[in-house]
Amino acid sequence: MSKLPQEIIVDILTYLPAKSLIKFKCVCRSWRSLISDPQFAKLHLKRAHEDENINRQRLLIAADPLYSVDFEAASDGDNGNTLVKLSYPNAESHNDSFAVGLFLGSCDGIVCILNEVDSVVLWNPSTRESKKLSGPTSSLHKDFSTGLGYDSSTDDYKMVIASSATASTRSDQIMVEVFTLKTNTWRTVQGSLPGITLGSNYYGEFWNGALLWLGKRDAAHHLDVIVPFDIEKEKFMEAEPLPNHFYTAVLSISGNCLCVFGELQPSGSYFEAWLASEYGVKTTWRRLFVVPADKLCLDCYSSGMWLTKKGEVLLDNHGCPGILTLYNPVEDAKKLLKVENDGDPFYESAIYTESLVSLC
């Protein structure tokens, strides 16, 4: 390959998984320099976002041991390397024990974790790089919404914590704390959501420059809006109505589209899945399916639902014997992925993209 033009070498390498590229750093000095270059990491990530034939999305399960799950491979019937055991971030480097208490956000291969001793840590599971953050002012044991996003205007990652419990006495005020990776500091901005209550204690999805959370209008009894927070401008945008009024709902990203899975009645009689490819004034929702809730094993507590490229639904059913379920709504068929877990059955999980993005 030494005779190939540099741009051809770069193009070829962007197709390879992060794990292989990390090994290839040992090939020679020039490859180590290339693969360590932040610009190459961006090209590698861009390839993953734009090429539908590349599969780099994984489900991170904070069980004991820690697992990375290639759910797309499982959906395609390849169970050979579906489950990969990972090691937790080096606890010694953070001066405390390490176990995941909550996932606070995920963006471009970086996950944000609140560990069992209330330290906030950024971690790239692919590169094993981690960074402990200074503590925010907000208590992460009250009503809060969190998220991790990328600000393209400053080429920086931002961790966001929004909480009405720590805001002023005005009911529509939301205190928002923003951590920027480059400055390594938190700052506070005041937000306002007149007539809307944020859903609490879960992280938002980053999509098209904004963190998206679920919420409800004050007059509503159920979740009925999506509340976006502009990462660049650091302010709330106008809430967008959900395609239906849901008793419970889950947001997720599938490829370049936004998904919402919603339970239509408190009794859990039916579940709907909707998909949108754009957000804002042009938002057009398309209903993918509606099925009886018992088809999705919703008798167990489930905090995560995602759509595979094949159109199957991945459900993370905490504490169930067949912990992960792949449900095909067209064929009305299920596949169970069993995960070894010697710890608390009520573990956390998050989607991440295998990437080379650095925390430095």
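The legends below accompany an overview and several close-up views of one predicted protein model.

The model is predicted, so local features are described where pLDDT is at least 70 and side-chain atom pairs count only at pLDDT 80 or more, while totals for chains, interfaces and linings use all residues. Residues are numbered from 1 along each chain as its sequence is written, and side-chain values use heavy atoms, with hydrogens and water left out.

**Overview. The protein has five helices and 27 strands.** Helices (H or I, at least four residues) and strands (E, at least two) are DSSP runs, numbered from the N terminus. Of the 360 residues in the protein, 52% are buried, where buried means under 20% relative accessible area, exposed over 50%, and partly exposed in between (1.4 Å probe, protein chains only). Among the contacts with a separation of 6 or more, 46% are made by residues 24 or more positions apart, contact meaning heavy atoms within 4.5 Å. About 17,000 Å² of the protein is exposed, and carbon and sulfur atoms supply 50% of this area, as computed by the Shrake-Rupley method with a 1.4 Å probe, for which only the protein chains shown count as cover in the case of residues.

**View 1. Five strands form an open sheet with mixed pairing.** The strands follow the order 11-10-9-8-13, and two strands count as paired if DSSP finds at least two bridges between them. Strand 11 (185-192) and strand 13 (202-203) are the edge strands, each pairing on one side only. Strand 13 pairs with strand 8 (residues 145-151) in the parallel sense over two bridges, and here S145 stands opposite Y202 of strand 13.

**View 2. R58 meets D70 in one salt bridge and E354 in another.** A salt bridge is a side-chain nitrogen of Lys or Arg within 4 Å of a carboxyl oxygen of Asp or Glu, and the whole structure holds 11 of them. The N to O distance is 3.6 Å between R58 and D70. This pair links R58 in strand 1 (residues 57-61) with D70 in the loop between strand 2 (66-69) and helix 5 (71-75), 12 residues apart. R58 is buried, with a relative accessible area of 11%, and D70 is buried, with a relative accessible area of 11%. Between R58 and E354 the N to O distance is 3.5 Å. That pair joins strand 1 to the segment after strand 27 (349-353), 296 residues apart, and both R58 and E354 are buried.

**View 3. A salt bridge connects E312 with K335.** Their closest N and O atoms are 3.7 Å apart. Because E312 lies in the loop between strand 23 (302-307) and strand 24 (313-317) and K335 lies in strand 26 (residues 333-337), the pair ties together parts that are 23 residues apart in sequence. E312 counts as buried at 3% relative accessibility, whereas K335 is partly exposed, with a relative accessible area of 28%.

**View 4. E205 is buried yet has no salt bridge.** This residue lies in strand 14 (residues 205-207), and the nearest side chain of opposite charge, R58, is 16 Å away; Lys and Arg count as positive and Asp and Glu as negative, while His and the chain ends are not counted. Leaving aside neighbours within four places in sequence, E205 is in contact with A210, L211, L212, L251, S252 and I253.
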